[in-house]
Amino acid sequence: MANNQKQLNRILQLISDNGFSNELVLMGSWNEYFYSQIYKEYETYMATMDLDFYCINRNKQKADKSLSSLLIENGFVCSHDSLTNKTTFINNEFEIEFLHRITRELSSTVKVPRLDVVAECLGGMERYENHVIKYHDDIYDYDVNIMSPAFYCAHKIVINSKRKADKQEKDAIAIRNVLSLIEKREDLKNEFINVVNELTKNERKSFLVNIKLLDIEQRIISLTN
């Protein structure tokens, strides 16, 4: 895992040094690594090859050198999905993909000119932008946007039953660990309550079902009441 973390830091340094850090939000399980950097009371032992970024800059102006070019120059191989043309960048440690909110065209993917990538479009992504933390790494000297623990935890609860069995189990561990962090901090408690209140009707239904399946119902009740 230490090697994965080292490579992650180098990728994020590359992104930041070339002016793309404000345009992306780190998604997925690697957020937990940064929680362990920010909050002394949080520990994680996760490691995954999946490295996803949400594109928040809708500026169509091209950069002098695209992120796609930089990744390829630094050893990544770019592949294109045969059906959607979604781009994936692969090396020995990571598979990097990009996400985007749904556009007016309602297409499944969209080209992001500044990055020169084709991102997958997903519904509800705009809400992620309201729960972002900017983290600065002093050792590697880079900035990265990550998801707040409260939003990360609530979102993982909502989607848990829709995940494949192996990922359900992995996410269940993450949910319980991040929930323990939230329970210790008043600011995260308040944000978690706000996030839960923002859930759509269908999301709230999934949330209530999943907290029972995950055996955390009483912890959530204590947290939100």
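## A first look at the fold and its hollows

H4 gives the most to the lining of the largest pocket, contributing seven residues. That pocket is a good place to start a tour of this structure, which is a predicted model.

**The largest pocket**

The largest pocket has a volume of about 920 Å³. Its lining takes in 35 residues, and the ones nearest the centre are Leu-99, Tyr-128, His-155, Ile-159 and Arg-163. If you want to find the walls by eye, look for S2, strand S5 (95-101), strand S7 (117-122), helix H4 (149-159), helix H5 (165-184) and helix H6 (186-198), each of which supplies at least two lining residues. What sort of residues make up the lining of the largest pocket, nonpolar, polar or charged? It's a mix: 14 are nonpolar, six are polar and 15 are charged.

**The largest cavity**

There is also a hollow of the closed kind. Counting cavities of 30 Å³ or more gives one, and the largest cavity has a volume of about 50 Å³. Helix H1 (2-17), strand S1 (24-27) and strand S9 (142-147) each put at least two residues into its lining. Among the residues that line the largest cavity are Leu-12, Ile-15 and Ser-16, along with Leu-24, Leu-26 and Phe-53, and further along the chain Asp-143, Val-144 and Asn-145. By class, this lining holds six nonpolar residues, three polar ones and one charged one.

Here are the two hollows set next to each other:

| Hollow | Volume | Nonpolar lining residues | Polar lining residues | Charged lining residues |
|---|---|---|---|---|
| Largest pocket | about 920 Å³ | 14 | six | 15 |
| Largest cavity | about 50 Å³ | six | three | one |

**The protein as a whole**

Now for the wider view. The protein has eight helices and nine strands. Its radius of gyration is 18 Å, close to the 17 Å that the globule rule gives for 225 residues, so the protein is as compact as a globular protein of that length. Along the principal axes, the C-alpha trace spans about 50 × 40 × 30 Å.

How much of the protein counts as buried? Of its 225 residues, 46% do. The protein exposes about 11,800 Å², with carbon and sulfur atoms supplying 45% of that area. As for how the chain meets itself, take the contacts between residues at least 6 apart in sequence: 66% of them join residues at least 24 apart.

**Three loop residues to look up**

Ser-66 sits in the loop between strand S2 (50-55) and helix H3 (67-73). Is Ser-66 buried or exposed? Its relative accessibility is 9%, and the cut-off for buried is under 20%, so Ser-66 counts as buried. Setting aside neighbours within four places in sequence, Ser-66 is in contact with Phe-20, Arg-114, Leu-115 and Asp-116.

Asp-215 belongs to another loop, the one between helix H7 (201-213) and helix H8 (217-224). With a relative accessible area of 66%, against a cut-off of over 50%, Asp-215 is exposed. Its backbone deserves a look too: phi of Asp-215 is near 60 degrees, a positive value in a residue other than glycine.

Asp-141 also has a positive phi, near 55 degrees, and again the residue is not glycine. You'll find Asp-141 in the loop between strand S8 (132-137) and S9. S9 is one of the elements that supply at least two residues to the lining of the largest cavity, which brings the tour back to the hollows.

Conventions
Residues numbered from 1 in each chain as written. Predicted model: local features only at pLDDT ≥ 70, side-chain atom pairs only at ≥ 80, totals over all residues. Heavy atoms only, no water. Helix = DSSP H or I, 4+ residues; strand = E, 2+ residues; numbered from the N terminus. Buried < 20%, exposed > 50% of the residue type's maximum accessible area, 1.4 Å probe, protein only. Contact = heavy atoms within 4.5 Å. 1 Å grid on protein atoms, 1.4 Å probe; cavity = no way out; pocket = protein on both sides within 12 Å on 5 of 7 lines; lining within 4 Å. Points joined across faces, edges and corners; volume = space filled by probe spheres on them. Nonpolar A, V, L, I, M, F, W, Y, C, P; charged D, E, K, R; others polar. Rg over C-alpha atoms; globule rule 2.2 N^0.38 Å. Areas by Shrake-Rupley, 256 points an atom, 1.4 Å probe, with all protein chains shown as cover.
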